Amino acid sequence: MRRGEIRALRWQNVDFKNNTIAVIENFVEYDGFKNPKQDSVGTIPMADDLANVLQELKRIASAQGFDNGDDFVIFNTSHGVPVAESTIKRGYRRTLALIGIEDDAKAKEEKRPPHPGSQQARHLVLHSGRRGAATRLAEDIGARNAVKITRHKSPQAFMGYAAHDTAETLEKARKTLNIVDTKSEKSK
């Protein structure tokens, strides 16, 4: 999902029974609520790990009175007001730091290159996760199906977006080439 779609996600659009999320709204700073980019409304599958996290979040939201159908999943301190974009960005940076990817935000203000491997050196932003998921989906379920899941308007746009070589893809290619090489040696 895109950042604005995450901000606009409401409990009524999370289906725990079918493990799906209906993406029907987007919230953009200064524009407010609108349709998702390119009118890419759709239903997406929810991974089991995400379902577990969202069920826990629903429990917390319920204790705070933010679990009605029209309440936001990532709730704010006020009903009807989506969480701030800065909160989403800060949460993403903290999550990356928790898994061991350094947040070297001071590099810019100190006018120095970011530490190697840091979030800044790797240019990691929330949208990076969407690109990574798109690439993995394309590898595992094919580009045609991945286009539907990611809600891109065309396969061409998707391939420009998700056609990144991953270490896994390169390793699979190397193994395939080794198999081809072995077969050609045996036929000599």
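**Exercise 1. The sheet around strand 2**

Work out how many bridges join strand 2 to strand 5, in which direction the two strands run, and how the sheet is ordered.

*Solution.* Begin with the pair itself: strand 2 (20-23) and strand 5 (42-45) are joined by 4 bridges and run antiparallel, where strands are DSSP runs of E of at least two residues, helices are DSSP runs of H or I of at least four residues, and both are numbered from the N terminus. Two strands are said to pair if DSSP finds at least two bridges between them. One position to look for is Ile-21, which stands opposite Ile-44 in strand 5.

The model is a predicted one, in which local features need pLDDT of at least 70 and side-chain atom pairs count only at pLDDT 80 or more, while totals for chains, interfaces and linings use all residues. Residues are numbered from 1 along each chain as its sequence is written, and side-chain values use heavy atoms, with hydrogens and water left out.

Next, turn to strand 1 (residues 14-15), which 2 bridges join to strand 2, again in an antiparallel arrangement. Here Asp-15 has Thr-20 of strand 2 as its bridge partner. Put together, 3 strands form an open sheet in the order 1-2-5, with antiparallel pairing. Strand 1 and strand 5 stand at the edges with a single partner strand each, so one side of each is left without a neighbour in the sheet.

**Exercise 2. Side chains and turns**

Decide which residues of strand 2 are buried, and find the residue with a positive phi in the turn of the hairpin.

*Solution.* In a regular strand the side chains alternate between the two faces of the sheet. Strand 2 shows this alternation: Ile-21 and Val-23 point to one face and are buried, whereas Thr-20 and Ala-22 point to the other face and are not buried. Buried means under 20% relative accessible area, exposed means over 50%, and partly exposed lies in between, computed with a 1.4 Å probe on protein chains only.

The hairpin is formed by strand 1 and strand 2, with 4 residues between them, and Asn-19 in its turn has a positive phi of about 55°, although Asn-19 is not a glycine. At 25% relative accessibility, Asn-19 counts as partly exposed. A second residue of this kind is Tyr-30, a residue other than glycine whose phi is positive, near 75°; Tyr-30 lies in the loop between strand 3 (26-28) and strand 4 (32-34) and is exposed, with a relative accessible area of 83%.

**Exercise 3. Two helices**

Compare the expected span of helix 5 with the distance between its end C-alpha atoms, and then find which residues of helix 6 are buried.

*Solution.* The expected span of a helix is 1.5 Å times one less than its number of residues. For the 16 residues of helix 5 this gives 22 Å, and the end C-alpha atoms are 23 Å apart, which agrees. Within helix 5 (126-141), the buried residues are Arg-130, Gly-132, Ala-134, Thr-135 and Ala-138. Gly-142, with a positive phi near 90°, follows helix 5.

In helix 6 (143-150), Ala-146, Val-147 and Thr-150 are buried. Seen down the helix axis, these buried residues fall within an arc of 110°, so they line one face of helix 6; the arc is that of the directions from the helix axis to the C-beta atoms. The face turned away from this buried side carries the exposed residues Arg-144 and Lys-148.

**Exercise 4. The largest pocket**

State the volume of the largest pocket and identify the helix that supplies the largest share of its lining.

*Solution.* A pocket is found on a 1 Å grid over the protein atoms alone, as an open set of points with protein on both sides within 12 Å along at least five of seven lines; a cavity is a set of points where a 1.4 Å probe fits but cannot get out, and lining residues have an atom within 4 Å of a point. Grid points are joined across faces, edges and corners, and a volume is the space filled by probe spheres set on the points.

The largest pocket holds about 1700 Å³ of space and is lined by 40 residues, of which Met-1, Ile-6, Leu-50, Leu-126 and Gly-129 lie nearest its centre. Helix 5 gives the largest share of this lining, 11 residues.
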